[in-house]
Amino acid sequence: MASASSSVVVVLVLVAAAVLGRCPAAAAAANETTFRAGQELRRYRRVQALLRRLNKPALRTIQSPDGDLIDCVAAHLQPAFDHPRLRGQRPLGPPERPRGHGLRRRPNDTADAGVQLWASTGASCPEGSVPVRRTTEADVLRASSVRRFGRVPTARVRRDSVSGGHEHAVGYVAGDEYYGAKASINVWAPKVSTPSEFSLSQIWVIAGSFGNDLNTIEAGWQVSPQLYGDNSPRFFTYWTTDAYQTTGCYNLLCSGFVQTNSRIAMGAAISPTSGYKGGQFDISLLVWKDPNHGNWWLEFGSGELVGYWPSFLFSHLASHASMVQFGGEVVNTRADGGAHTATQMGSGHFAGEGFGRASYFRNLEVVDWDNSLVPLAAGFHVTADHPDCYDIQGGVNTVWGNYFYYGGPGKNVKCT
């Protein structure tokens, strides 16, 4: 026998149905509300599924002073080993380093920015684990879509294009076979005008055409409020094998890069940073192809092997690179009524201001066919998409080898 309360509910439902039937507008509004609720539920489920996939069980969790949570994850359980080609394996041992590695001394007027904020308190991950920045629901919801989380906009192709609002000031070599690259990159905290823009300074190792088959390996520092939720410069990597369309990602946000280091966290803040007319800090990065196994390895600072990109991820880069590029990039969304963005590149000052004021890359080198680090050849070029907004000036000397200053403020009287 039905209860009195259930009878009341049935009556109310029938009344509501009758009212909605006589009022098409109310019925349409109710249907729209139901549709949106369904959409939100599906999105919520996609977000939670992504978080479960990315955030692996932690042996230890470390709270960084900036609020990041760093999970110490067993090395063989990191996201890379979700890849079908890597499932059930463990990280490889150290590769053969390039000849000439470690011979160059640090200039006296610069210091190492090799300390990450999360480790500044002395915290560390146990041996056999890797530090992984925990992805939060807020991180995912800042992205343009759940599907694109951890990836760049698809229109990020260089060298002859500024489509999608991406602007560059870079130096590059091309026309030979390259097996790696090295540089020391001055670290700053440039201002980023809107959350959907970013400012970065990095090394690109490139193969393929600037069409749909572009392969890149990228490493450097970036300020990206949308990706990280703040304005701190962070150590990052990226890779793609199809011009940023469906493959690749930042850091460890997909199956790809295999981390081997227990002291460096991808996507974590770098400390300290440089100041205008103040202390200058830089990070040294080396990317090279292991001649024995063919994987592309990454080194951070003085001898810290971070990990590797398995060669099977790539098509053209499976053999070698055809271009190496160094420099800065910003996104210009023209959100301010169509005017050029005020997002800064580098220090936010033009190259002509020089040391202590403009950002720099120094000691630029490439790895040749013989696994040797060599200076850049005479074919090194520098170029800026919009030199009134961000520019670049190169040079060579006995201490810094090949170097350049680059950057700028973005919007100014000449850049509108």
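Here is a short chat between a biologist and a modeller about bonds, rings, cores and strands in this predicted model.

Biologist: Before we start, what do local features need in this predicted model?

Modeller: Residues are numbered from 1 along each chain as its sequence is written, and side-chain values use heavy atoms, with hydrogens and water left out. Totals for chains, interfaces and linings use all residues, side-chain atom pairs count only at pLDDT 80 or more, and local features need pLDDT of at least 70.

Biologist: How many disulfides does a search of the whole structure find?

Modeller: A disulfide here is a pair of cysteine sulfur atoms within 2.5 Å. Cysteine 72 and cysteine 125 make one, with sulfur atoms 2.1 Å apart, and cysteine 249 and cysteine 254 make another, also listed at 2.1 Å. Cysteine 389 and cysteine 415 form one too, at 2.0 Å. The search of the whole structure gives three.

Biologist: Why is the disulfide of cysteine 72 and cysteine 125 left-handed or right-handed?

Modeller: Look at the torsion about the S-S bond, which is about -80° for cysteine 72 and cysteine 125, so this disulfide is left-handed.
For cysteine 249 and cysteine 254 the torsion is about -80°, so that disulfide is left-handed. With 95° about the S-S bond, the link of cysteine 389 and cysteine 415 is right-handed. Back to your pair: the torsion of cysteine 72 and cysteine 125 makes it left-handed.

Biologist: How many residues apart are cysteine 72 and cysteine 125?

Modeller: Strands are DSSP runs of E, at least two residues, and helices are runs of H or I, at least four, numbered from the N terminus. The disulfide of cysteine 72 and cysteine 125 links distant parts of the chain, with cysteine 72 in strand β2 (residues 69–74) and cysteine 125 in the loop between β4 (115–116) and β5 (129–133). The separation is 53 residues.

Biologist: Is cysteine 254 buried or exposed?

Modeller: Buried means under 20% relative accessible area, exposed means over 50%, and partly exposed is in between (1.4 Å probe, protein chains only). Its partner cysteine 249 has 1% relative accessibility and counts as buried. Cysteine 254 has 18%, so it is buried.

Biologist: Tyrosine 238 and tyrosine 250 form what kind of aromatic pair?

Modeller: Rings of Phe, Tyr and Trp (its six-membered ring) pair if their centres lie within 6.5 Å; planes under 30 degrees apart count as stacked, over 60 as edge-to-face and the rest as tilted. A search of the whole structure finds 18 aromatic pairs. Tyrosine 238 and tyrosine 250 are 4.7 Å centre to centre with 80° between the planes, which is edge-to-face.

Biologist: Where do tyrosine 238 and tyrosine 250 lie?

Modeller: Tyrosine 238 is buried at 0% relative accessible area, and tyrosine 250 is buried at 4%. The two are 12 residues apart, with tyrosine 238 in strand β10 (residues 234–240) and tyrosine 250 in the loop between β10 and β11 (258–259).

Biologist: Which residues do ring pairs link into a cluster?

Modeller: The ring pairs here follow the cut-offs I gave above. The cluster consists of Phe355, Tyr360, Trp400, Tyr403 and Tyr405.

Biologist: The charged end of arginine 85 sits over the ring of which residue?

Modeller: The charge counts if NZ of Lys or CZ of Arg is within 6 Å of the ring centre and within 35 degrees of the ring normal. For arginine 85, the charged end is 4.3 Å from the centre of the ring of phenylalanine 312.

Biologist: In the largest nonpolar core, which residues touch the most other members?

Modeller: A nonpolar core is a set of buried Ala, Val, Leu, Ile, Met, Phe, Trp, Tyr and Cys residues joined through side-chain atoms within 4.5 Å. The largest one has 82 residues, and those touching the most other members are Val205, Trp221, Phe235, Trp296, Trp309 and Phe326.

Biologist: Which residue stands opposite aspartate 71 in β5?

Modeller: Two strands pair if DSSP finds at least two bridges between them. Strand β1 (residues 60–63) joins β2 antiparallel through four bridges, and β2 pairs with β5 in the antiparallel sense over five. Five of the six residues of β2 are buried, so β2 is largely enclosed by the rest of the structure. Opposite aspartate 71 in β5 stands valine 132.
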